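Student: I would like a close look at one part of this model: the place where the bound species sit. Take me through it, then outward to what surrounds it.

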Amino acid sequence: MAELLKIDNLFAGYGETVVIEGLSLSLADGEAISVLGRNGVGKSTLLNTVLGLTTQHSGSLHYLGKDIGKVPSHERAVAGLGLVPQEREIFPSLTVHENLRVAQQPGEWDLDRIYELFPRLAERRRNMGNQLSGGEQQMLAIGRALIGNPRVLLLDEPFEGLAPIIVDALVDAFQKLRQGSRMGIVLVEQHAELALELTERAIVLDRGKARWEGESKVLLNDPDQLAQLIGLGAEDE
Ligand SMILES: Nc1ncnc2c1ncn2[C@@H]1O[C@H](COP(=O)(O)OP(=O)(O)O)[C@@H](O)[C@H]1O
Ligand SMILES: [Mg+2]
């Protein structure tokens, strides 16, 4: 089984600021892993570092066996790393169709398959990015990453701030897109229990370090430990 990602003793951040402090993580073919933790612990920074959007200070980052620590961000995307950023970042003045087309790379995911996964996007294909609801924007952000045919899909809080019925639709799509797929997935989420249900393994971050790592079902079956690791939000406010 090919190892998609291997992160070893990684230190990374913004300029001189170190946010990720000695993190190690691996992702196997077809595997999905949750990255959990309170606000501000470095979850987005970790995903952004995999994409080459931050400063990597030390440690190593291998993708498909190759050290990509010095590879420019756009080359990482072309090579098969797909990010759905926390801010979604769809193009407001392009249509849904155009947003998808600009991201297209050869592979099994094409426009038809994206529209089949998200029928709502097919209905909205001629609407501008800035005319979409939050849920539609998130569908488009995911569709745009998929149509790049990534080997690794990095999802940054895809269910954040969405109504339960939209979350259900996205969860359904998440499960469908995994069927028969060798794509590896890193899922950053605040909805910890949902993320644990959707993934095989999990890592809980605390101030840029791994505080817990193991099988998702272990944490799912131990709500006390989960609450202790993630906290109940009180310390953040
Ligand atoms: N662009 C940035 N420049 C400097 N510091 C940042 C930037 N983005 C995030 N940070 C800081 O890095 C830390 C981790 O942030 P982040 O990775 O966004 O956390 P999370 O996604 O877990 O909520 C926080 O202290 C945050 O203030
Ligand atoms: Mg974040």
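**The ligand site and its surroundings**

Tutor: Helix α1 contributes three residues to the shell around ligand 1, the most of any element. Keep in mind that this is a predicted model. The full shell is Y14, V19, R38, N39, G40, V41, G42, K43, S44 and T45. Compare that list with the residues of α1, and the shared names are K43, S44 and T45. By character, the shell splits into three nonpolar residues, five polar and two charged.

Now the polar contacts. Start with T45: an N or O atom of its side chain sits 2.5 Å from an oxygen atom of ligand 1. G42 takes part through its backbone instead, with a polar atom 3.1 Å from an oxygen of the ligand. Y14 brings in a polar side-chain atom, 3.5 Å from a nitrogen of ligand 1. How much of ligand 1 does the protein cover? On its own, ligand 1 has 560 Å² of accessible area, and the protein covers 55% of that.

Next, the metal. Ligand 2 is a magnesium ion, and its coordinating atoms are OG of S44 and OE1 of Q86, at 2.1 to 2.3 Å. These two residues come from distant parts of the chain: S44 belongs to helix α1 (residues 43-50), while Q86 lies in the loop between β6 (81-84) and α3 (96-101). They are 42 residues apart. S44 therefore appears twice, as a magnesium ligand and as a member of the shell around ligand 1.

Are the two coordinating residues buried or partly exposed? The cut-off is 20% relative accessible area, and anything under it counts as buried. S44 counts as buried because its relative accessibility is 19%. Q86 counts as partly exposed because its value is 23%. Both figures lie close to the cut-off, so read the two labels with the numbers beside them.

Stay with α1. Eight of its eight residues are buried. They run K43, S44, T45, L46, L47, N48, T49 and V50. As a guide to reading any such helix: an α-helix has 3.6 residues a turn, so residues three or four places apart point the same way. After α1 comes G52, with a positive phi near 80°.

Look now at what backs the shell on the side of G42. D206 lies in strand β9 (residues 201-206). The gap between D206 and G42 is 164 residues in sequence, yet their C-alpha atoms are 7.8 Å apart. Beyond its neighbours within four places in sequence, D206 touches V41 and R211. V41 is itself in the shell around ligand 1. D206 is partly exposed because its relative accessible area is 22%.

Then the Q86 side. The loop between β6 and α3 also holds E89. E89 is not a glycine, but its phi is positive, about 50°.

Finally, the Y14 side. Strand β1 covers residues 3-14, and Y14 is in the ligand shell. Further along β1 is N9. N9 has a positive phi near 45°, again in a residue other than glycine. N9 is partly exposed because its relative accessible area is 45%. What does G59 touch, apart from residues up to four places away in sequence? Its partners are D8, N9 and L10. G59 sits in strand β4 (residues 55-63). At 39% relative accessibility, G59 is partly exposed. Between G59 and P85 there are 24 Å, C-alpha to C-alpha, for a separation of 26 residues in sequence.

One more spot is P72, in the loop between β5 (66-67) and α2 (73-79). Its C-alpha is 8.6 Å from that of L53, which is 19 residues away in sequence. P72 is partly exposed, with a relative accessible area of 36%.

To recap: ligand 1 draws most on α1, and S44 of that helix pairs with Q86 on the magnesium ion.

Methods. Residues numbered from 1 in each chain as written. Chains lettered and ligands numbered in written order. Predicted model: local features only at pLDDT ≥ 70, side-chain atom pairs only at ≥ 80, totals over all residues. Heavy atoms only, no water. Donors = N, O, S within 2.8 Å, 3.2 Å for Na, K, Ca; no water. Helix = DSSP H or I, 4+ residues; strand = E, 2+ residues; numbered from the N terminus. Buried < 20%, exposed > 50% of the residue type's maximum accessible area, 1.4 Å probe, protein only. Near = heavy atom within 4 Å. Polar contact = N/O pair within 3.5 Å; in protein donor to acceptor, adjacent residues only side chain to side chain. Areas by Shrake-Rupley, 256 points an atom, 1.4 Å probe, with all protein chains shown as cover. Nonpolar A, V, L, I, M, F, W, Y, C, P; charged D, E, K, R; others polar. Contact = heavy atoms within 4.5 Å.
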